[in-house]
Amino acid sequence: MDSIFHEKQPSGNMDDSGFFSIQVISNALSVWGLELILFNSREYQSLMINPINEKAFICNYKEHWFTIRKLGQQWFNLNSLLTGPELISDTYLALFLAQLQQEGYSIFVIRGNLPECEAEQILGIMRVQQQQRPRLIGEDEAQTSAGHVLYVKTVNYSKWAS
């Protein structure tokens, strides 16, 4: 009877929306020999590592997770709330991380050797240039006759993997 009772109790490690706790994410990453370190922890800050020398960050705010990852020699914001990956310059990376911290995000550095991926191989031999910055999903810009920008809500069911 106790096992039935425990199975029906909500878990603090995940919920029906797909949110996973940092403990679940940390355990999943440990399968590949990866570890998470809190970006603003004394332990990490004492290392005085320039963020551009890392490989990836996982960011969380109000149960939304996204990744900032270096592929080849370029950084990408892989936030699923955007219409596509956002290219981030080495110069802007530290500023972007500082902005996220100011906005209340928890940021974790991923340490270890990330698994091989096709994007890493392709971007290891070529650089990309972003023609247009991605927008938040659901927001399409429309110009009014007065020249002001309006945002019109739309539904976009396409998702891309991060």
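Q: How do I read the contacts in this chain: what share of those with a separation of 6 or more joins residues 24 or more positions apart?
A: Start by asking how far along the sequence two touching residues lie from each other. In this predicted model, residues 24 or more positions apart make up 57% of the contacts with a separation of 6 or more.

Q: Which elements does the chain run through from the N terminus on?
A: Read the helices and strands in order, like beads on a string. Here the order is α-α-β-α-β-β-β-β-α-β-α-β-β, which comes to 5 helices and 8 strands.

Q: What percentage of the residues count as buried?
A: Of the 162 residues in the chain, 30% are counted as buried. You can also look at the surface itself: the accessible area is about 11300 Å², and carbon and sulfur atoms hold 53% of that.

Q: How many aromatic pairs does a search of the whole structure find?
A: The search turns up 7 of them. To describe a pair of aromatic rings, you give the distance of the centres and the angle of the planes. Let's try one: the ring centres of Phe39 and Tyr44 are 5.6 Å apart and the planes meet at 40 degrees, so this pair is tilted.

Q: Are Phe39 and Tyr44 buried or exposed?
A: Both are buried. They also belong to one aromatic cluster together with Phe57 and Trp75.

Q: Which residues of the largest nonpolar core touch the most other members?
A: Look for Phe57, Ile68, Leu100 and Ile107 among the 16 residues of that core. At least two core residues come from each of strand S2 (56-61), strand S3 (64-71), helix H4 (90-102) and strand S6 (106-111). H4 gives the most, with 4 residues.

Q: What is Phe57 in contact with, leaving aside its neighbours within four places in sequence?
A: Pick out the residue and follow its partners along the chain. The contacts of Phe57 include Phe39, Pro51, Phe66, Ile68, Trp75, Leu97 and Ile107. Do not mix this core up with a second, separate one of 9 residues, which includes Leu36, Ala56, Ile58 and Phe108.

Q: How many residues line the second largest pocket, and what is its volume?
A: With a pocket, check both the space and the residues around it. This one has a volume of about 360 Å³ and a lining of 16 residues. Nearest its centre lie Asn77, Leu82, Glu86, Arg133 and Leu136. Helix H4 comes up again here, giving the most to this lining with 4 residues.

Conventions: Residues are numbered from 1 along each chain as its sequence is written. This is a predicted model: local features need pLDDT of at least 70, side-chain atom pairs count only at pLDDT 80 or more; totals for chains, interfaces and linings use all residues. Side-chain values use heavy atoms; hydrogens and water are left out. Buried means under 20% relative accessible area, exposed over 50%, partly exposed in between (1.4 Å probe, protein chains only). Contact means heavy atoms within 4.5 Å. Accessible areas come from the Shrake-Rupley method with a 1.4 Å probe; for residues, only the protein chains shown count as cover. Rings of Phe, Tyr and Trp (its six-membered ring) pair if their centres lie within 6.5 Å; planes under 30 degrees apart count as stacked, over 60 as edge-to-face and the rest as tilted. A nonpolar core is a set of buried Ala, Val, Leu, Ile, Met, Phe, Trp, Tyr and Cys residues joined through side-chain atoms within 4.5 Å. On a 1 Å grid over the protein atoms alone, a cavity is a set of points where a 1.4 Å probe fits but cannot get out, and a pocket is an open set with protein on both sides within 12 Å along at least five of seven lines; lining residues have an atom within 4 Å of a point. Grid points are joined across faces, edges and corners, and a volume is the space filled by probe spheres set on the points.
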